[in-house]
Amino acid sequence: MQRLTELFLIIGLVFGGLSSEAQRPTVSRPSLAENAPPILPREFRAAWVATVKNIDWPSRPGLPVAQQQAELKAILDQALRLNLNALLFQVRPACDAFYDSAFEPWSEYLTGLQGQPPEPFWDPLRFATEHAHARGLELHAWFNPFRVRLNAKQPGAASHISRRSPQLVQTVGTDLWLDPGESDARDHTIKVILDVVQRYDIDGVHLDDYFYPYPFAGIKVEFPDDRSWQRYRRAGGRFSRDDWRRDNVNTFVRQLSDVVHREKPWLRFGISPFGIWRPGNPAPIRGMDAHNVLYGDSRRWLQEGWVDYLSPQLYWPISPREQSFPLLLNWWVEQSTQKIPIWPGLASARIGEDRNAQEIFNQIRLTRKQPSPTGMLFWNYSSLGNNQGGIANLLTNKVFHQPALVPGIQNKAANSPESPELSFELLATLSRLRISWTPETNTPARRFVLQSRFGNYWRTEFFGANQRERVYFSSPSIGLPEEVLLMAVGSGGLSSKPARWSRTVPAALKVSPTIQPKLKSPASKPIVIVPKSIRSTASTNNAPSVKVNSTKRPQ
């Protein structure tokens, strides 16, 4: 009886004598009070993970499955340590697949032999998606649109398009290409991508710029599309050959955008074109004319609103005026008449060649001066994973010292997730508080953001999609939180209204505003913004507790 009396006394202290009906955590939007939580930063921070020629992953073809998986987990873990929030995973380097496909064969860069499934069987795309989301990272599927095979010295697998539909394929040097002038070729690539969109829980579709071949040794390659060109002319087509090729690519981009967004409006669809649209745009710029060589009219894709973002490959340093990073970046932003984000590609892989890591840092600073939402993509992951020229250290210490949410997708009919349902368990000794949550199922959460107030200080933590609780412990230097806000972040970066829990704290447990204890947490722990404190390990304390489940919903 005495123990029960003590328990009710502690309830009275914590909740200030409220009635039993009020002894539930309130779930509502936070007030804009003096102690409002810090605004959560938003920025797209991504890296390309290239599988073609085993550039980034796997380290070589035919590795044991356990080693392939360990390498992929290491990439995801390093991305989390660097405070990236997305990876662009190449799943179709050359009309092949890094996933279980009914339309294209398993990639030779995975198993060592095109068409040979992994043994024991596993699906790298599904694995990468699930493990990325468990870490709170977005996973975008990256497709090469029209490259069929590199160095095609041996026949492809029987299921490869070069053997099933050879009439759609052209030979360029030692490589094979789909002919974008063949509508069946365009339809095939769209079918392949749509299959992934429908079957996998990805966060976006990304294309590189291999529409027509790049020049070889600085010389433009004349694409052998006489058959499809003559058919177009016989049908009454009036475009010039160059305009016709551009129209082939434009038609493909427009149709793919429509298909992706019709199937899943919340997915981001983006392309990374060559960084120079046309020489002379702006005036000092010189270089390859992607408009007339790759036949990619990337400015039109941007201005027509066919993409959700554009990532021009701005792989040049800041100073050379003929390929100036800031001049090109500003030009691209000016072309975005619909305010579609420009998230440039940065060549961290060239650190040690014509630049150092500080150059990349300076380019990020220039990018952040552009209109929000800002972002950047790093070519490539290995340069970050290998800390090339100290770039990983620089990013962690000076650039991405805090995590960030991805920007919310714009102008799409996507649904924001509903607020999670909060529950709490408070020990009678006020030494431990357990906050747990149940996410709603209307829109799956990719990440949870937990903000806890200790006196005048807020602590912000990011958790992966599978996290369901947070345990706080009181210490001599810091007590339990006085207020907790939890927000679910879904696909497309759209977030819920925060669910809120608060309590009245005895004065003895309030935090002194001069105390900011620090804790060195292992990389696997939740990422903390401020202050760096408070353990979150399990407890075996058997003291009585107050346990309440919330049923209220925010209005």
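In this predicted model, eight strands make up an open sheet whose order is E9-E8-E7-E3-E2-E1-E11-E10, and the pairing throughout is parallel. The sheet ends at strand E9 (309-310) and strand E10 (345-346), the edge strands, each of which pairs on one side only. Within this arrangement, strand E3 (residues 138-143) and strand E7 (residues 204-207) are joined in the parallel sense over four bridges, and one can follow the register at Trp142, whose bridge partner in E7 is His206. Helix H4 (residues 124-134) lies across strand E2 (86-92) and E3, and it runs at about 150° to E3.

A further open sheet has three strands in the order E4-E6-E5, and here the pairing is antiparallel. Its edge strands are strand E4 (147-149) and strand E5 (169-172), each pairing on one side only, while neighbouring strands of this sheet are turned against each other by 35° on average, with direction ignored. E5 and strand E6 (residues 175-178) pair in the antiparallel sense over four bridges, and Val169 stands opposite Leu178 in E6.

From the backbone we turn to the aromatic side chains, of which the structure holds 30 pairs. One of them joins Phe274 and Trp316 in an edge-to-face arrangement, with 5.6 Å from centre to centre and 90° between the planes. Because Phe274 lies in the loop between strand E8 (268-271) and helix H9 (290-293), and Trp316 in the loop between E9 and helix H11 (325-335), this pair ties together parts that are 42 residues apart in sequence. Phe274 and Trp316 are both buried.

The rings of Phe424 and Trp501 have centres 5.4 Å apart and planes at 50°, so this pair is tilted; the angle lies neither under 30 degrees, as for stacked rings, nor over 60, as for edge-to-face ones. Since Phe424 belongs to strand E12 (residues 421-427) and Trp501 to strand E18 (residues 499-502), the pair ties together parts that are 77 residues apart in sequence. Phe424 and Trp501 are likewise both buried.

Ring pairs also link several residues into a cluster, namely Trp57, Phe89, Phe98, Trp122 and Phe127.

Aromatic rings also meet charged groups in this model. The charged end of Arg147 sits over the ring of Tyr210, at 4.8 Å from the ring centre, and the charged end of Arg470 sits over the ring of Tyr472, at 4.3 Å from its centre.

Notes: Residues numbered from 1 in each chain as written. Predicted model: local features only at pLDDT ≥ 70, side-chain atom pairs only at ≥ 80, totals over all residues. Heavy atoms only, no water. Pairing = 2+ DSSP bridges. Helix = DSSP H or I, 4+ residues; strand = E, 2+ residues; numbered from the N terminus. Contact = heavy atoms within 4.5 Å. Axes fitted to C-alpha atoms, helices over the stretch in contact; angles between N-to-C directions. Phe/Tyr/Trp six-rings, centres within 6.5 Å; stacked < 30°, edge-to-face > 60°. Buried < 20%, exposed > 50% of the residue type's maximum accessible area, 1.4 Å probe, protein only. Lys NZ or Arg CZ within 6 Å of the ring centre and 35° of its normal.
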